[in-house]
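Visitor: Hi, I'm new to this one. Could you walk me through it?
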Amino acid sequence: MKVNPGGAYYPWSSKAHFLTALLFSSARLPFSDVQKKAVLSWAKELGAHDVPSLKAVKESNEHICELVGNPMRKVTSASGNVFYINDIWHAIAKDYANPLTRFSMQDYPEDGGDGMSQVFNGQKMLLELPSPPAARVDGKIYFVNELLQECSGGFFVPERFFTASYAPVNGRDSQDSCQENKTYAMGRAVQYTDAGFIVSDEQEIVPVSNFRHSFEDLVDKLACGVTMSSEKYLKLTPHPLREKSKGRMVYSVPLIIFMDDVSGNVSKQWNKHHAIYMSNANLPREMLEKEFCVRFVTSSPHAAPMELMHAMKESISAAADSGIFAWDCKFDEEVMLVPEGLFLAGDNPMQAEECSHAGLNCNYFCRTCHVGGTKEYKESEAGYVSLFTEGTPRTPEETTSQVLKQFETALCSGATGKVVAAVSTTGIRDSTSSSIINTLVEMGKKLRKRDVGQPALPESEVRAKLEEELLDILQGRTHRDAINPLLGMNNINVHMDTPTEILHTVLLGVVKYFWGQTAFVLEKAKLLTRFQTRLDSLDRDGLNAPSLNADYICHYKGGLIGKHFKSLAQVMPFVVYDLVPKSVLDGWTLIGELVVLIWHTKIDNTEHYLAKLARTISDFLNVTAQCAPSILISKPKFHFLVHLPAYIRRFGPAIIFSTERYESFNHVFRLTCIYNNRQAPSRDTCMTFVRNDTAKHIATGGYWYDTHTERWVHGGPQVLTYLEHHPEQARLLGIPDQKLADPGMANPAIHSQTDSAMIGTGRIIVTDQSKHEAVLWQATRCADIFKKNGLKSPPSSEYYQGTSVVTSEHETSQLGGHVIFRDALEKTRIGRIREILIATAPGHSVAFVALQTFSFMPARHPLLHLPCLLLTDEELIVSGTDIICIANVQHNCLDAKCTELTTKHLWQERTQTDRTASVVKHQISPQYLLNMFSIHNYQHLCSLLPESLSETPLRVSDPGAVRRAAVRQMQGK
C-alpha cells in the first residue's frame, strides 16, 4: 500500500502496522512466525482495531525495506560458495542520516594534546590514514592538496585536516581556560612569483578559519605554474573528489571491522557460522559500545572467513570508488562519504588468519613481529630474552612475497616438506591460498609416483601439468587475486592493524593462566575453603565487580569466563596474601595494576601512561619468568602484551579495540539463526538485520531518499515521538535509557519496601510521607559535629535520615560506605559515611553528610604495594553534591591478623534462610587499604594519592638475573 509522506505514521499505513513492525523488529526479542500469528490472534480476540494479518505485516515490511533501501546482495566466491552480504554503504549512509548517531560524530581526527580518549585521537587516524578530504569555511569547500588563499593574501596548500583545542599564542584570550575545539590544517605556505608558485619545505599548522579563496576562485591566477622544486608538493589541478562530489561536502568514514566464528545454535551442539560486523570509527567510544551502533555485514556457515572478508573488502572499495551520497541530518544537506578500513578486531586465531599467519602454535608465533624460533632457540638465553621485547615488524609486502613463494614451492619436487618448512621458518600460512597449494602438492605426488614397469615422468612435464592445473584453478585470476585479500587492501597494514585484543589476551589469557596456577596451589595445599571464605568476606562497595560469587568461582574454577577473571584481577591480592608463594602474589599485584591500566577509558598524559604500562608489562613478564619460566614459550599471549603500548598509541585506549561489544552482539546474531528455517541461513540472517535496522532507523528519526517525491524524507510525527514516550520499546531496539540519578539526591530510610518505588533516576519516591519519621536536628550526629566545630546550626529543625546518596558520578553510595569527597577547602579526601540527612522538602535533596575521614600513611604496604589508610577520629560535614564517587577500601586483614571466622545467613529466593556460610571476622583496627586495583573510578583514586605514593616499586630489580635463572631452570629439566 502506498503511503504519502506527511502521514502521522508514515511510512506505515496505520498505527497498528507501525506498532506491530516495531514489536517484531526487536533484536533481542525475536518472534517466530507461529509466535507472530499467536500475538496477532491474541490482539484480535481482545477486540483491538485494525490488527493486520501476518501476510500484511510481511508485505508492509518488504515494501518499507525497498522504500528505505535494501542493501542485501548475493555473492558467489571463487571456490563456488554462495552467501549474502548487506553492502556497507547503506549502513554508513544511515549513520549520517540518523540524529542519534550523526550528532555524536567527530568529522575530523582530533589532536588530544598530551592525552587521548577516543580512536580519533590515535596516531593512525591523526597522521597515517589519508586526511579527511575537505573542510568548509563560510560556505566554501576546501580540499586537501589544492591551492588556496588565506585572509592575509598569502597562499597555502593544506595536506591534512584535524581538530584541536590549542591555547592561543598571545595572551588576549588566556582568561578563557576552556579552549574550543577548532578545525586546523597542516600544510605548506606557498609563495607567488613570476617563475611560478614556490612551496615551502616546512610544514605548518593554521586554523581553517583563515581560508578566504578556494581553488575554484584562483583559476585566473594559475597561469604562472609551479616551480620544478615544488612539483612534489603541489599540482595546479582540482582534487578528484571536487568534480565527483558536485559541490557537496565530503567526509571520510573510517571503519572498525570485526570477524568471529559463532555458533548458530542455542544448545551446546556447535553450528559454526562466520560473521562480520562493523562500526563507524567517527563515533566516540561511548556510542561505539552501544548495540545500536554495531552493524551486521555478512555471515555464512559454508564460506571460509577470508571469502567473507573478500566480499567485505569489495564492498568498501566499491563504496570508496563511487562515493556514498547520503543526507547529513546535522547540517540538512546532501553529502558525499568515502569509507576506509581502520583496523580489524577479533580474537587471536582470527587475527592470525587475517594476517596470513600460521597461528599461536607455530615457531614464529607473533603476527606482529618476527619473534620466535625453534624450541631450542627459545630456550636459549638469546631466544628467551627476545620474548620480552618487540621483534622486527612484519610487513604486508614481505608476507605477500612469502605466500607467492609457496606457490612456486608447490610446483617443485618434494613440495610437501618444503611447504611445511617454509611455514615453520617464517610463520606464514595463507588460508586463502592453502587449498590451492595443497591441491598442487597432492597432484605433484601422484604425477611423480612411478608405477611398476613404467618410467617416471620428466620433471619438466610434471611442472607443465602442475602449471596448467594452477591456471585452471585460478580461472583467469592472478596469483595475488588468489591470496589473502587484506594483504592488498588500501590503508590497511594487517600486521599493525590487528591490535592485541584485551578480552582474549589479558582476561582469557594471562589472568586465566595465573588463576589456573593459583587454584592448583590452593587445592594442593587444601586452602581452597579458606580462599572461598576470604573472597566472600571482601567489601565490594565501589568495586563494580558483580561476578564475585565465591561459591561459584571455587566450585567451577576450571570453567570461568571473562567477567569472572576481570573481577578476580581486582581483588586477588587481598585474598591470597599468605596462601601462595611471594612470586605468585607479586604476579597478582601486577595483574591488578595491569588490568587497571589497560581498562583506562581516558588517558591524561599519553607518554607517561605508555611508559608506565610498558614498565608494568616488563615487570609482570619478569615475575612470570620466576613463577613458570616455560609458560612464556608455550603461551604466546604473554609476548603479545609487549605490543600493547604501540597499539594504544596507534588506536587510542585499549578498551576501544576490545571485542566485548561484538561478543555481546553475537547473541543477537545467534537469535537470528535460531529464528529461521535454516534453508538459506546467510540470506535469512541478512534479511532479518535489514528489517530490524530499517525499523530502528525510521523510529529514531532517520532520513531516506524517496524516489517518488525525489527528496529526503523521515517518518511521520507519531513515529518520531513514540520511543520518547515508550522507553521500554527503545530498550528492545538496543537504545539504552540515558537517564541518570541526580548528584546530591538520596534514598531515605524507609520502614517498608511497599511504601516506595524506584524510578529511573535512582531516587526513592515516598508515596506516604506519614510513614517517614523526621528526626530533630539536635538528635543527629551532624548536630554534634556542628557543635564540636563551633558552627551555627541550620535553620531547619527536622530532617529525614537517609540510607544512601547519589554521587557526582551518578552512583548510589550507601550509609557506611567509603567515598571520595571535597572538603570546605576544596581539597579531595576520602572518608566513611556516618550519617545522611535529607531535607523534608519535596525532592529528597541531601542537606548534610557526616563523614569520618581517612589519612594516608607515609608508605605503601610492603607486600601488597597499595596505599595504606588510617581511619581517624576527625569528622566533617559536607553537602550531598560534594560527594564525588565511591571508593573501594578493604580492611587490612594482613596486619590486623584477622584469622577468626564468624557466620552469615544465606539468602535464597529473596529469603533469608537458616543456612550459614563462614566469613572473616575483622579485628577492630583503624588500618585499611585503598584498592588501587579497582577499575571503577580509578582516575579519581589516582588524583587522591599524595605524590610520594603515586609510584609502585618494581617486583624484579634484576631482570637479567631472573631471565638467566629461568633459562637454566628450563635447560636443567
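Guide: Happy to; we'll chat about confidence, cysteines and a few strands. This is a predicted model, with residues numbered from 1 along each chain as its sequence is written. Local features need pLDDT of at least 70, side-chain atom pairs count only at pLDDT 80 or more, totals for chains, interfaces and linings use all residues, and side-chain values use heavy atoms, leaving out hydrogens and water.

Visitor: What does the protein average in pLDDT?
Guide: The average is 91, and 95% of the residues score at least 70; pLDDT is the predictor's confidence in each residue, from 0 to 100.  Over residues 170-178, though, pLDDT is below 50, and that stretch has two contacts beyond near neighbours in sequence (contact means heavy atoms within 4.5 Å).

Visitor: Switching topic, how many disulfides are there?
Guide: Zero, where a disulfide is a pair of cysteine sulfur atoms within 2.5 Å.

Visitor: Why is cysteine 355 without a bond?
Guide: Because its closest cysteine sulfur, in cysteine 366, is 9.2 Å away, too far for a bond. Cysteine 355 is also buried, at 0% relative accessibility (buried means under 20% relative accessible area, exposed over 50%, partly exposed in between, with a 1.4 Å probe and protein chains only).

Visitor: And which strand pairs with strand 21 over two bridges?
Guide: Strand 20, residues 775-776, in the antiparallel sense. Strands are DSSP runs (E, at least two residues), numbered from the N terminus, and two strands pair if DSSP finds at least two bridges between them.

Visitor: What stands opposite tyrosine 799 in strand 24?
Guide: Alanine 839. Strand 21 and strand 24 run antiparallel, joined by three bridges.

Key. Helix = DSSP H or I, 4+ residues; strand = E, 2+ residues; numbered from the N terminus.
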